[in-house]
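Student: I would like to go through the aromatic residues of this model and ask, for each label, what justifies it.

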Amino acid sequence: MQRIAESELIINNRGAVYHLNVRPDELANTIITVGDPDRVKEVSKHFDKVEHTLQHREFITHTGYIGKKRISVVSTGIGPDNIDIVVNELDALVNIDFETRTIKPNLTSLHLIRLGTSGALQANIPVDGFVVSTHGLGIDNLLHFYRHDNNEEEKQLLQAFITHTQSQDSLSYPYITGAGSQLLKHFVEGYHHGITVTCPGFYGPQGRVLRLGLSNPALIDRLTQFRFGQHSITNFEMETSAIYGLGKMMGHQCLSISAIVANRVKKEFSKDGGAAVENLIKKSIEIISKI
Ligand code: R1P
Ligand code: URA
């Protein structure tokens, strides 16, 4: 079995993985990811017991229990580049033996559930509502650094998206990955479902104009208008496509759930985004603790 060199998988003096500063024994197999480091404690305050509290840079991890269910909550910071770090290190923690630096013969499939915020792209998805991402459609470029493939439905959806948005010339080639089906089925009542577009920025890439002009001002309306069979684009944010893409390639079950803080069609912003996120955490963690 090939040994993974010190320069490729960096393990610190504590025996913990480089960016997350987490050791294999300090991580649960059910992991909630949040963008905002301050949100970690808003999740772990629902734990009956917190076992481990760790931090390095913007990556805070709390691991504990709700009843008998062991759960970790990890902050990712913002964007697909941070997700590259977080998902690779979470996977290494369970699927690479840190002593021998070799891939374990029996791989572990994690449950990775993002609880984040997002902007809605449909008028009927209200501010303060919740969206579960059936697919992560990336207009960032992270997944193109990995060998990846799509099933037939994903290929057709992607082709329809490229034709509809005419996006292949000016943007990075889009990519798409479906949600983890074992998780998706648990989050139905009280959640809207739809395709989530992941952007490599909050302003220009999400069609926001402050002082700079946009290269493709029609893009945001085209996202709203896109249809493929029953599918439409409900929302956009900055992590889902990267979590779904990397997670699926590694054999993990991934789900991204967002509290809608902005509605870009109605030009509304939540009056209390903190309360919306708190409600999302309460409702979702109750379900997560029983899966
Ligand atoms: C932008 O404000 C951030 O909010 C959303 C986006 O994906 C991006 O990370 O998610 P979080 O609230 O989880 O950070
Ligand atoms: N997060 C985003 O990325 N976009 C929004 O509009 C709101 C939250």
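Student: This is a predicted model, so let us begin with a single residue: why is Tyr 203 called partly exposed?

Tutor: The relative accessibility of Tyr 203 is 43%, and since partly exposed covers the range between 20% and 50%, Tyr 203 counts as partly exposed.

Student: What makes Phe 202 partly exposed?

Tutor: The reasoning rests on a relative accessibility of 36% for Phe 202, which again falls between the limits of 20% and 50%.

Student: Why is the pair of Phe 202 and Tyr 203 called edge-to-face?

Tutor: Their ring centres lie 5.0 Å apart, with the planes at 75°; because a pair needs centres within 6.5 Å and edge-to-face needs planes over 60 degrees apart, both conditions are met and the pair is edge-to-face.

Student: What lies over the face of Phe 202?

Tutor: Arg 208 does, at 3.8 Å from the ring centre, where the distance limit for such a charge is 6 Å.

Student: Why is the pair of Phe 130 and Tyr 191 called tilted?

Tutor: The centres of these two rings are 6.0 Å apart and their planes stand at 40°; stacked would require under 30 degrees and edge-to-face over 60, so the pair of Phe 130 and Tyr 191 is tilted. The two residues are 61 apart in the chain, with Phe 130 in strand E8 and Tyr 191 in the loop between helix H4 and strand E10.

Student: How do you know whether Phe 130 and Tyr 191 are buried or exposed?

Tutor: Phe 130 has a relative accessible area of 10% and Tyr 191 one of 7%; buried means under 20%, so Phe 130 is buried, and so is Tyr 191.

Definitions and conventions. Residues numbered from 1 in each chain as written. Chains lettered and ligands numbered in written order. Predicted model: local features only at pLDDT ≥ 70, side-chain atom pairs only at ≥ 80, totals over all residues. Heavy atoms only, no water. Helix = DSSP H or I, 4+ residues; strand = E, 2+ residues; numbered from the N terminus. Buried < 20%, exposed > 50% of the residue type's maximum accessible area, 1.4 Å probe, protein only. Lys NZ or Arg CZ within 6 Å of the ring centre and 35° of its normal.
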